[in-house]
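Here is a short briefing on one protein chain. Look at the structure first, then read the points below.

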Amino acid sequence: LATLAVPAASFAAQGPAQIAGTVGDPAWARRVPGIVACGTMSSLGGLLGTIALSWSAGAHSGLMSMCENGICAATGAMLI
């Protein structure tokens, strides 16, 4: 939840002129789909890793799931 709230609060604190200048920039607008796709992949990787870790808690070690979660988070961060 904090990963959504903090950037949203930071965005809301900017002035309307600064937001319009950033959003209206064609170079920035071309990058938005890639940024959204990388953020989505990173979020889904973290979610799937957390689900796998919770499922493995009873019968197996969670080590493999933790490694997978770390790899997904690092890969998503590198793509962003």
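Of the chain's 80 residues, 9% count as buried, meaning under 20% relative accessible area with a 1.4 Å probe, protein chains only; over 50% is exposed, and in between is partly exposed. This is a predicted model, where local features need pLDDT of at least 70, side-chain atom pairs count only at pLDDT 80 or more, and totals for chains, interfaces and linings use all residues. Residues are numbered from 1 along each chain as its sequence is written, and side-chain values use heavy atoms, without hydrogens and water.

**Overall layout**
- The chain has 4 helices and 0 strands. Both are DSSP runs numbered from the N terminus: helices are H or I with at least four residues, strands are E with at least two.
- From the N terminus on, the order is α-α-α-α.
- The accessible surface is about 6000 Å², computed by the Shrake-Rupley method with a 1.4 Å probe. Carbon and sulfur atoms hold 75% of that surface.

**Helix H3**
- H3 covers residues 26-55, which is 30 residues. At 1.5 Å a residue, H3 should span 44 Å (1.5 Å times one less than its number of residues). Its end C-alpha atoms are 45 Å apart, which agrees.
- A kink of about 35° lies at valine 32, shortly before proline 33. The bend is the angle between axes fitted to the seven residues ending there and the seven starting there.
- Cys38, Gly45 and Gly49 are buried in H3.

**Alanine 73**
- Alanine 73 sits in helix H4, residues 63-79.
- Alanine 73 counts as partly exposed because its relative accessibility is 41%.
- The C-alpha atoms of alanine 73 and glycine 49 are separated by 9.6 Å. Along the chain, these two are 24 residues apart.
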